[in-house]
Amino acid sequence: MSDTWTIRKVLTWTTQHFEKRGVDAPRLTAEVLLAHVLKTTRVRLYVDLDRPMEKTELTTFRALIERRMAGEPTQYLTGVREFYNRPFKVDPRVLIPRPETELLVEAALHRLPKDAPGTALDVCTGSGCLAISLAAERPQATVLATDLSPDACTLARENAQALGVAERVTVLQGDLYAPLPPDARFDVVVSNPPYIATGEIAGLSPEVRREPRMALDGGPDGLVLIRKVVQGARRVLKPGGLLAMEIGETQGDAVKALLQAAGYDDARVEKDLERRDRLAFGTQPVAI
């Protein structure tokens, strides 16, 4: 980059560069990274298209381009991922929240009361995006979240504090249900557990392979953690409570069978916006 580089010229050059190198969503990626460098919004970039960029800005932007080309996810470079209309801090300690995971929030909100106290548990919380979104949308809800990774727990707590729900979101470090108080019972259990089969991880994109392996690896068949989440939720759900999980697109039949075998009512699998199996649900039976 030399001569006079305006925002327009930089965006055009970067988009073409990303296109040639096979970067997903090249124009969007260029806009997001440049807005981050200039501490502005993508909309503002278009207002200021003819503004010349300063040398220090170009240097900083060039470094981000190089890191993106080396396979670092855009969200790790900016440090932020928007989820359910809120900015979540993300970095290599946690999985980057995906848009389809917002469907879990929608499902859980239908079960949590709007104007009364409710309880929710988020197993494998990562960045805390599920737990924090539920607490933010249900002001009277109390939410617990667990994660095996101490680093993920630290980041989830930071996000809860930044998004104003730290008093109602408790993040506990430990394996799945192990950190919970013995008498804890919940209206809803949500989980986005690791569900990629170990043998498939090497074939993932370089960007995904930069995310924590602990948050990706679901064991030989991808179902090791899902089995534990299904079994454990039976012990902590209130009668009529909902278990809602994200699953892999090829796991629908297997997970539905697991839910049925564990004794859930209304075991079902639903598709995401791309019509792929993505969500699995089971209801805790109500004793007669």
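## Exercises on a salt bridge, a sheet and a pocket

Arginine 8 and aspartate 50 form a salt bridge in which the closest N and O atoms are 3.0 Å apart. Keep in mind that this is a predicted model, and let's work through it together.

**Exercise 1.** Find out which parts of the chain the pair of arginine 8 and aspartate 50 ties together.

*Solution.*
- Start with the distance: a salt bridge needs the nitrogen within 4 Å of a carboxyl oxygen, and here the closest N and O atoms are 3.0 Å apart.
- Next, place the partners: arginine 8 belongs to helix 1 (residues 7-20), while aspartate 50 sits in the loop between helix 3 (42-47) and helix 4 (55-69).
- The pair therefore ties together parts that are 42 residues apart in sequence.
- By the same 4 Å rule, the count of salt bridges comes to 22.

**Exercise 2.** Work out the strand order of the open sheet and name its edge strands.

*Solution.*
- Trace the 7 strands across the open sheet: the order is 5-4-3-6-7-9-8, with mixed pairing.
- Now look for strands that pair on one side only: these are strand 5 (169-173) and strand 8 (265-271), the edge strands.
- Neighbouring strands of this sheet are turned by 15 degrees against each other on average, direction ignored.
- Zoom in on one edge: strand 4 and strand 5 pair in the parallel sense over 5 bridges, and aspartate 147 stands opposite glutamine 173 in strand 5.
- Finally, add the helix: helix 8 (residues 150-162) lies across strand 4 and strand 5 and runs at about 170 degrees to strand 5.

**Exercise 3.** Describe the lining of the second largest pocket, from its centre to its residue classes.

*Solution.*
- Begin with the space itself, a volume of about 410 Å³.
- Of the 29 lining residues, Cys124, Asp147, Pro194, Met214 and Ala215 lie nearest the centre.
- Then assign elements: helix 7 (129-137) and strand 4 (141-147) each supply at least two residues of the lining.
- Sort by class to finish: the lining has 15 nonpolar, 8 polar and 6 charged residues.
- Aspartate 147 links this exercise to the previous one: Asp147 is among the residues nearest the pocket centre, and aspartate 147 stands opposite glutamine 173 in strand 5.

Terms used
Residues numbered from 1 in each chain as written. Predicted model: local features only at pLDDT ≥ 70, side-chain atom pairs only at ≥ 80, totals over all residues. Heavy atoms only, no water. 1 Å grid on protein atoms, 1.4 Å probe; cavity = no way out; pocket = protein on both sides within 12 Å on 5 of 7 lines; lining within 4 Å. Points joined across faces, edges and corners; volume = space filled by probe spheres on them. Helix = DSSP H or I, 4+ residues; strand = E, 2+ residues; numbered from the N terminus. Nonpolar A, V, L, I, M, F, W, Y, C, P; charged D, E, K, R; others polar. Pairing = 2+ DSSP bridges. Axes fitted to C-alpha atoms, helices over the stretch in contact; angles between N-to-C directions. Contact = heavy atoms within 4.5 Å. Salt bridge = Lys/Arg side-chain N within 4 Å of Asp/Glu carboxyl O.
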